[in-house]
Every structure is written in C-alpha cells, then in structure tokens.
Amino acid sequence: MIVEVKNLVAGYGHRPLIRNLSFSVPTPAFVAIVGHNGAGKTTLFKAFQHKIDYTGEILVQQQDLRSIRHAASSGLLSYLPQKNIVSFSIKVIDLVVMGLFRKKSFFDNYNSEDYARAAATLAQLEMAHLQEQDFTTLSGGEQQMVWLAQLMLQDATIILLDEPTQQLDVYYKKRVFNLLQQWVQVQSKTVFCITHDLHNLLSLQGFLLNLSKPNPVLEPISPETVQQNQDFLEAGRPRL
Ligand SMILES: Nc1ncnc2c1ncn2[C@@H]1O[C@H](COP(=O)(O)OP(=O)(O)OP(=O)(O)O)[C@@H](O)[C@H]1O
C-alpha cells in the first residue's frame with residue numbers, strides 16, 4: 001500500500017474541516033484533490049507534513065507518517081505550495097539546481113553535473129531559454145514552471161502539489177497534467193494534485209477525491225465522474 005488514510009480528522013481549533021476521511025492508494029497513482037474554496041484541500045496536505053494536529057492515521061508504505069522524522073530529506077515526500085515567494089534576485093538555474101539538496105551535505109556546492117541535470121530538466125519543460133534570467137522577473141506562470149522543474153529534481157516517491165497549474169496558460173496546463181501522468185506511469189510516483197481545473201483531468205488516468213462531498217472517496221477518473229463532480233461543485237456548497 002503506497003498511502004493509506006484512516007479516519008483522519010483535522011482542522012483548526014474546535015472546527016474539524018476533514019471528518020473521518022479514509023482512502024487507500026495501493027499502487028502508484030495520480031489523485032486529483034478537488035473541492036470548493038476552504039473545503040480543506042491544503043489542510044489535508046498540512047496533515048501529510050505534520051504541520052497541524054490530527055487524529056486518525058496517515059500510513060505511507062505501511063509506516064505511520066508521524067513516526068517518519070524526515071520525510072522530505074529522505075525522498076519520501078515533496079511538496080509544492082500554492083504560493084512560493086522569492087524576494088531576492090536569483091538566477092532560474094540556481095533555484096532549480098537546489099532541487100538536488102538531498103544529494104548534498106550542508107556546505108557542498110552544486111557541481112557541473114548538477115547544473116547539467118537542472119538545465120536538462122528546464123529544457124524538458126521548454127524553459128531552457130529562461131535559465132540565466134532573474135527568477136523574480138518571470139511571469140507568474142513561468143515561475144510556476146520553474147518550481148515544477150525544481151520539484152522534478154527532488155525525485156520524491158510521493159508528490160503533493162497545491163494548484164500547480166493555477167497561473168498557467170491553456171497550453172502549459174495541458175502539458176503539466178500530461179507530465180504528472182508521466183511521473184506516475186514512467187517513474188512510479190504517486191501524485192496528489194489539488195486543482196480546480198476539472199476539465200483537464202479528462203485525459204488522465206487516476207482518481208478524484210472531492211473534499212466538498214459529505215463522505216469523500218476515491219473515484220476513478222472518467223468522463224462521467226469528472227462531469228458529476230463539476231456539476232456537484234457548480235451547484236454550490238453543501239450545508240453543514
Ligand atoms: N491556520 C489556520 N487557522 C484557522 N483557520 C485556518 C487556518 N488555515 C486555514 N484555515 C481555514 O481552514 C479552511 C480550509 O482551508 P484550506 O486552505 O485547507 O482550504 P482549501 O480547500 O485548500 O481552499 P482553496 O481552494 O481556497 O485553496 C479555510 O476556511 C481557512 O480559512
């Protein structure tokens with residue numbers, strides 16, 4: 001079992017946002033996490049990263065995540081937040097190469113082989129022309145692609161993405177979803193992706209988890225389930 005969530009209850013103060021959530025991902029898979037604004041999607045990711053208290057269990061490869069001390073540095077889990085702000089000048093390639101941090105001890109410098117890997121990853125994302133540019137001068141969508149390149153170099157087993165296509169144009173949205181599918185099918189990664197772009201899911205294989213539903217479960221992605229979830233979300237928030 002890659003990921004198993006059992007009776008998860010999480011929220012803030014006395015207000016549980018996620019109530020008794022249970023699901024299992026037995027083999028590497030793509031899981032789209034959908035739901036209205038404020039439904040608890042990012043909160044679920046916070047639980048995965050021990051950033052909030054929760055009851056119930058999150059098991060990763062049969063181990064309770066709470067007992068795994070360095071899930072990021074051991075390459076088990078990587079996370080791309082919704083907003084990632086850089087307030088100092090840095091070249092794109094220098095930011096991307098940092099994705100290799102697991103290979104390095106604190107005082108190690110990145111070498112030419114590391115930079116070649118970073119450049120190849122940017123090229124794969126059609127971003128090679130930006131590699132010498134100051135990251136802070138890029139458009140929002142370009143910045144999002146650079147973070148994805150850095151994440152690819154992290155090479156974690158389980159990848160949590162919080163709205164990675166939010167600022168992308170239609171072409172890059174499609175490319176990124178295809179890339180996520182490849183991570184699963186070619187590299188056996190498990191990808192959890194928060195998204196509001198339901199129509200982009202139609203060409204993918206994997207599951208939907210709609211946290212706005214009263215009892216969310218993993219639903220296989222198909223034209224019918226995507227449409228049903230789109231209709232459900234467009235109809236408004238369920239009353240609690
Ligand atoms: N630290 C916090 N303390 C109190 N409430 C919080 C905290 N963080 C988030 N919340 C509240 O929890 C709710 C769920 O937040 P969360 O970020 O999980 O939503 P989401 O489903 O990711 O939404 P969106 O689609 O808008 O990103 C929101 O109503 C938010 O205001």
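Here are a few friendly notes on a predicted model, taking the sheet, the ligand shell and a pair of helices in turn.

1. A good place to begin is the sheet. Four strands make up an open, antiparallel sheet, and their order across it is β2-β1-β4-β5. The edges are formed by β2 (15-25) and β5 (63-64), each of which pairs on one side only. If sheets are new to you, it may help to know that their strands pair through backbone hydrogen bonds, in either a parallel or an antiparallel way.

2. Next, look at β1 and β2. These two strands run antiparallel and are joined by seven bridges. To find the pairing on screen, start from V5, whose bridge partner in β2 is F23. The two strands form a hairpin with two residues between them. Do pause at G13 in that turn, which has a positive phi of about 60°.

3. Strand β1 also pairs with β4. Here β1 covers residues 3-12 and β4 covers residues 54-60, and six bridges connect them in the antiparallel sense. A handy landmark is V3, which has V60 as its bridge partner in β4.

4. Now for the helix that meets this sheet. Helix α1 (residues 41-48) lies across β1, β2 and β4, and its direction is at about 115° to β1.

5. Which helix or strand gives the most residues to the shell around the ligand? That is α1, with three residues. The full set surrounding the ligand is Y12, L17, G35, N37, G38, A39, G40, K41, T42 and T43. Sorted by class, this shell has six polar residues, three nonpolar ones and one charged residue.

6. Moving further along the chain, turn to α3 (residues 112-124) and α4 (residues 140-154). Their axes come within 9 Å and cross at roughly 125°. Because of that angle, α3 counts as oblique to α4. The crossing is right-handed.

7. Which residues make the contact between α3 and α4? On the α3 side they are R117, A118, T121 and L122, while α4 brings A149, M152 and L153. By class, the contact consists of five nonpolar residues, one polar and one charged.

8. For a first look through the model, I would follow the sheet from β2 through β1 and β4 to β5, then α1 lying across β1, β2 and β4, then the residues around the ligand, including K41, T42 and T43. After that, the right-handed crossing of α3 and α4 rounds off the tour.

How values were computed: Residues numbered from 1 in each chain as written. Predicted model: local features only at pLDDT ≥ 70, side-chain atom pairs only at ≥ 80, totals over all residues. Axes fitted to C-alpha atoms, helices over the stretch in contact; angles between N-to-C directions. Parallel < 35°, antiparallel > 145°, perpendicular 65-115°, else oblique. Left-handed = near helix turned anticlockwise from the far one by under 90°. Contact = placed C-beta atoms within 7 Å. Nonpolar A, V, L, I, M, F, W, Y, C, P; charged D, E, K, R; others polar. Pairing = 2+ DSSP bridges. Near = placed C-beta within 6 Å.
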